[in-house]
Amino acid sequence: MTTSDKWLLRLYTAGQTPKSLTALENLKRLCDEHLAGKYRIEVVDLLKNPRLAKDDQIVAIPTLVRQLPSPMRKIIGDLSDTERALVGLQLKKATS
Amino acid sequence: MTEPVIDLLEAEELRKAIIGGEVDAFVVGRDESNQKVLLLANAYQRYRQLVETMQQGAVTTSLEGGILYANRRFTELLRTPLTRLYTAPLQTHVSAADRPRLSAFLARGGRASLEIAFNSADGTRIPTRLSMAVYDGYASILVTDLRPLEWAGLAVDALDSIRSSVEKLNAELREPKARQALDNISEHINGLARLIDSLQESPGPAESKNG
């Protein structure tokens with residue numbers, strides 16, 4: 001596994017919807033297990049400011065956007081499928 | 001990867017997330033200015049639970065005052081069932097003198113607050129603070145019952161009054177004449193106590209007859 005030094009992960013949520021809370025919980029767990037000490041999570045609540053959805057062209061919530069390292073990657077959903085989340089973040093190679 | 005390929009992968013990602021039930025809200029609206037978040041039905045449950053169980057009243061009205069929603073606490077405050085609340089505007093629950101003030105408050109829109117008293121169905125006057133936020137042409141109003149504050153204020157007033165009486169009494173007791181008067185009263189009380197004791201020790205009328 002190759003990981004760059006700085007990870008900036010932006011999670012788009014809609015207030016405290018069940019999926020938003022699950023996504024944040026899963027993201028924290030995933031980061032602690034795979035990116036300990038080198039990540040930063042930004043939570044963007046689109047219920048408070050829906051216009052921010054435009055920045056990363058968000059359609060569904062929750063959506064995680066890997067801002068750094070580039071290139072940008074987007075993972076839609078509550079991250080409960082750890083395998084898919086790790087592949088999406090490129091922390092793991094896809095198994096065909 | 002080219003842009004069309006990335007778009008395709010994203011579309012596939014979205015499809016998988018929707019089918020897997022991993023999302024509960026969508027961003028809708030063609031351009032930035034009218035983008036909104038659309039919550040799926042189950043996503044509302046947490047908010048509903050919070051609003052229904054909180055100790056403040058919550059009511060949603062049109063800008064004319066038509067009641068569209070009220071939480072349990074608000075119906076309790078007005079002692080009026082929800083089905084009856086829907087039939088009349090919010091203004092009917094305040095005094096006639098306050099109705100223009102409430103109407104102006106609702107029509108103003110935006111974010112605002114107002115102190116006004118409601119009249120419950122049993123005639124109780126309920127002083128409240130309304131905090132309003134207008135969204136999409138509807139007013140969401142949080143209703144805080146101010147009676148506990150009034151009661152607390154009355155209790156503080158009563159305590160202040162007692163405190164000043166005690167201070168006054170203390171000051172008077174420092175006077176020699178007052179001290180003498182207090183000593184006299186104490187002597188009388190002690191005398192009365194001795195008399196009661198002796199009466200209890202002596203045989204009663206019935207006992208003396210039979211004895």
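Two strands count as paired if DSSP finds at least two bridges between them, and strands themselves (E, at least two residues), like helices (H or I, at least four), are DSSP runs numbered from the N terminus. The exercises below concern a predicted model, in which local features need pLDDT of at least 70 and side-chain atom pairs count only at pLDDT 80 or more, whereas totals for chains, interfaces and linings use all residues. Residues are numbered from 1 along each chain as its sequence is written, chains are lettered from A and ligands numbered from 1 in the order in which they are written, and side-chain values use heavy atoms, with hydrogens and water left out.

**Exercise 1. Strand pairing in chain A**

Task: Find which strands pair with S4(A), and state how many bridges join S1(A) to S4(A).

Solution. Begin with S1(A), which runs antiparallel to S4(A) and is joined to it by five bridges; within this pairing, A:Leu8 has A:Leu68 as its bridge partner. Next, turn to strand S5 (residues 73-76) of chain A, which is also antiparallel to S4(A) and is joined to it by four bridges, with A:Lys74 standing opposite A:Val65. S4(A) and S5(A) form a hairpin, and four residues lie between them. Finally, consider the cover of S4(A), which spans residues 63-68: five of its six residues are buried, where buried means under 20% relative accessible area, exposed means over 50%, and partly exposed lies in between (1.4 Å probe, protein chains only).

**Exercise 2. A sheet that includes strands of both chains**

Task: Give the order of the strands in the open sheet that contains S3(A), and name its edge strands.

Solution. The order is S3(A)-S1(B)-S2(B), and the pairing is antiparallel. The edges are strand S3 (60-61) of chain A and strand S2 (36-39) of chain B, each of which pairs on one side only. At the junction of the chains, S3(A) pairs with strand S1 (residues 25-28) of chain B over two bridges, and A:Ala60 has B:Phe26 as its bridge partner there.

**Exercise 3. The largest nonpolar core**

Task: Determine how many residues the largest nonpolar core has, and which element gives the largest share.

Solution. A nonpolar core is a set of buried Ala, Val, Leu, Ile, Met, Phe, Trp, Tyr and Cys residues joined through side-chain atoms within 4.5 Å. The largest one has 22 residues, and those with the most contacts inside it include B:Phe74, B:Leu102 and B:Phe118. The elements giving two or more residues to this core are, in chain B, strand S4 (67-70), helix H3 (72-78), helix H5 (99-108), strand S5 (111-119), strand S6 (125-135) and strand S7 (138-145). The largest share, four residues, comes from S5(B). As a check on one member, take B:Leu102: leaving aside neighbours within four places in sequence, B:Leu102 is in contact (heavy atoms within 4.5 Å) with B:Leu90, B:Gln91, B:Val94, B:Leu114, B:Ile116 and B:Leu130. Apart from this core lies another, of 15 residues, among them A:Leu27, A:Cys31, A:Leu86 and A:Leu89. As background, nonpolar side chains tend to be buried together in soluble globular proteins.

**Exercise 4. Salt bridges at short and long sequence separation**

Task: For the salt bridges A:Arg10 with A:Glu42, B:Arg15 with B:Glu12, and B:Asp122 with B:Arg79, say where the partners lie and whether each is buried, partly exposed or exposed.

Solution. A salt bridge is a side-chain nitrogen of Lys or Arg within 4 Å of a carboxyl oxygen of Asp or Glu, and by this rule there are 16 over all chains.

1. The side chains of A:Arg10 and A:Glu42 meet at 2.9 Å, N to O. Because A:Arg10 lies in strand S1 (residues 7-13) and A:Glu42 in strand S2 (residues 39-45) of chain A, the pair ties together parts that are 32 residues apart in sequence. A:Arg10 is buried, at 18% relative accessible area, whereas A:Glu42 is partly exposed, at 22%.
2. B:Arg15 and B:Glu12 meet at 3.0 Å, N to O. Both are in helix H1 (residues 3-19) of chain B, and because they are three residues apart, they are separated by about one helical turn. B:Arg15 is partly exposed, at 44%, and B:Glu12 is partly exposed, at 31%.
3. The closest N and O atoms of B:Asp122 and B:Arg79 are 3.0 Å apart. B:Asp122 is partly exposed, at 48%, while B:Arg79 is exposed, at 55%.
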